[in-house]
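Please open the model in your viewer, with the sequence panel alongside, and follow the stops below in order.

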Amino acid sequence: LTLPLSLSPPRPLSPRTCSGQGPLSSDSASPSPTPPDAPWPARRGREGRGAGGQGEGGCRLSMGESTEQSLSGKLSEDYWFSSSARCPLWWRGERSECWFRENLHTVLSSVNLARSCHPGSMMQIKVTSLMGADLCATISQALTRSDGSEEFSETRLSLVMDGENLPFPSLTCQETNHLQNSLQRLKIVGECASESAVPLLIDAELSFVNPAISLVHRLLAQRFNRDRPNIWNTYQCYLKDTDQSLQTDLSRAAERGVSLGVKLVRGAYLDQERQRAQELGYTDPLHPNWGETDLSYRNILDRLLCLVGVEDPRIWVLVASHNEGSVAFAVDRMKDLGIDREAGKVLFAQLLGMSDHVSLALGKQGYPVYKSLPYGSVDQVIPYLLRRAQENRSALAGLGRERRLLYRELRRRLVPWRG
C-alpha cells in the first residue's frame, strides 16, 4: 500500500490517500504465494481433467496454450468466475502462467483498493510480476541488436497487445505464448488503472531487464498518457546511463505528444549489479561511489524541475527519496522556479516508517506527500525492505535524530507540564 498524505495547516494531520503495490515477484526465490481469495477466470467448457491430470476446480491449462487470448481490458464472456477454480498444485510456481494470472488478480485488487480510498491515490507495480524476468532479459538483450530492435518493435508488440498472433523468431513457442499473455495482462492493468484514475508507478529492476521494462512503459504510455501520466516510469540515478535514458524518453514524449511521469530514485540493487558485472566480466553499470550517485540525482532532479518550472504540461515528477538534503534541494528549487506546490506536478514519497519527520514537515507546508507501504508475506517483503535500507543509507544514519524527535514528541504529549 502507498499512503499519500497532504497536510495543509491548519488542518489536522491525517492520511489523504492510499493505494496498493502489486506482488514482489523477483526479490527472492520464495515459493509462489497461495492463490488469493478472489476467484480467477477459467474457460467455459473446460471443466474436467487438467492437462496431465485432474486439476482443482476443473481448470484445464497447458504450458503452451495462450490462456488469456480472450482477455482485453476486461474479462470476455468466454470466461467465468468460480470461487472453487484454482490452479492445479502441480502447476504452481514462480515461472508458470498460473502464477502470473494469480498476480494479475492481486494487482487488479490493488487498483480497486486504491480507487476506493481517495482521489489522487497511486500504485506501484513490478513488471516481472506479470512477465517473466527471463523473458525480460531475453528481450532486453535482443534490443541491443538491430534485428532484435525490429523484431521487438513497439509497433509489433502493440499489435500483440491487441490480440494479434505474430511470430518471434528468437523466441521459443512457449516464450512467444508467454509474451502474448504478458502483454495482454499488462494492457488489462493499464486500462483498469487508467479508468480508475489510479496512476501506475512501474518499478525499475536490475539493469539487464530494465530495457524491456522501459519498452513496456512506452507501450502503455502511448495508450494511456495522452492527457496526464497514468503510467509512470522509474529512473535509477546510480546507473551511469540514466541521464541519457531520461533524455531519450523526454524527447520521445515530446515527439509523440504524451505525458511523462518520472519517479526518481537512487537505486536499490547495488550489490546484485556489481556482483553480476564482476561474474560476467562486463563494465560496472553503476557510479563508482555514493557521492557521484547523489550528484547524479540532484542534476537530473534539477533538470526535471526546470522543465516543470517552464510549465511543460508533459512532465510530472515524483521525488522518491528519504535523503533530507535531496528533499530540501527540491523544495528550494521549487521556490526559485516558482513551481506551485499545490499544482501536483511535483510530488514527494517515502516509505512508511522511514523519514516520517521529513514527510510530516512537507505535508505541514502543503506539499503532496506519499507514504509507501509494501505488503505481503514476510519472505516476500523483507528482501524488498532490506534493499530499501541499503539504498537509503543516509536515512539510516539519521535514525538517531528521528528517535530523538519521536521521544521529544512523546514526552510533549504525555507530560506537557515538563516542557
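Does Thr-242 count as buried or exposed, and at what relative accessibility? Select Thr-242 in this predicted model and display its surroundings before reading on. At 4% relative accessibility, Thr-242 counts as buried, since the cut-off for that class is under 20% relative accessible area. Leaving aside residues up to four places away in sequence, the residues that Thr-242 touches are Tyr-235, Gln-236, Cys-237 and Ile-300.

**The whole chain**

Zoom out for a moment to take in the whole chain, whose secondary structure comes to 14 helices and twelve strands. Of its 419 residues, 52% count as buried. Among contacts between residues at least 6 apart in sequence, 74% join residues at least 24 apart.

**Helix α7**

Return to Thr-242, which lies in helix α7, and extend the selection to residues 242–256, the 15 residues of that helix. At 1.5 Å a residue, α7 should span 21 Å, and because its end C-alpha atoms are in fact 21 Å apart, the expected and modelled values agree. Now colour the buried residues of α7, which are Thr-242, Leu-246, Asp-249, Leu-250 and Ala-253. These residues cover an arc of only 105° around the axis, and therefore they sit on the same side of α7.

What do the buried residues of α7 pack against? Select β8 (231–236), β9 (260–265), α9 (290–309) and β10 (315–320), and you have the elements against which they pack. Turn the view to the face of α7 that points away from its buried side, where the exposed residues Gln-244 and Glu-255 are found. Past the helix, stop at Gly-257, which follows α7 and has a positive phi, near 70°.

**Helix α8**

Next select helix α8, residues 270–280, and mark Leu-270, Glu-273 and Ala-277, its buried residues. Looking down the axis of α8, you will find that these residues fall within an arc of 75°, so they line one face of the helix. The face of α8 turned away from that buried side carries the exposed residues Gln-278, Glu-279 and Leu-280. Gly-281 follows α8, and its phi is positive, near 75°.

**Where α4 meets α5**

Move to helix α4 (residues 154–161) and helix α5 (residues 173–195), and show both together. Two packed helices are described by the angle between their axes and the distance between those axes. Here the axes of α4 and α5 come within 8 Å and cross at roughly 80°, and α4 and α5 are therefore roughly perpendicular to each other. To see the contact itself, display the side chains of Leu-157, Val-160 and Met-161 on α4, and those of Leu-179, Gln-180, Leu-183, Gln-184 and Lys-187 on α5. The residues of this contact divide into five nonpolar, two polar and one charged.

**Two loop residues with positive phi**

From α5, follow the chain into the loop between α5 and β7 (200–202), where Ala-197 is found. Ala-197 is not a glycine, although its phi is positive, at about 55°.

For the last stop, select Ser-355 in the loop between β11 (346–351) and α11 (356–364). Ser-355, too, is not a glycine and has a positive phi of about 55°. Is Ser-355 buried or exposed? With a relative accessible area of 5%, Ser-355 is buried.

Terms used: Residues numbered from 1 in each chain as written. Heavy atoms only, no water. Helix = DSSP H or I, 4+ residues; strand = E, 2+ residues; numbered from the N terminus. Expected span 1.5 Å × (residues − 1). Buried < 20%, exposed > 50% of the residue type's maximum accessible area, 1.4 Å probe, protein only. Arc of directions from axis to C-beta. Contact = heavy atoms within 4.5 Å. Axes fitted to C-alpha atoms, helices over the stretch in contact; angles between N-to-C directions. Parallel < 35°, antiparallel > 145°, perpendicular 65-115°, else oblique. Nonpolar A, V, L, I, M, F, W, Y, C, P; charged D, E, K, R; others polar.
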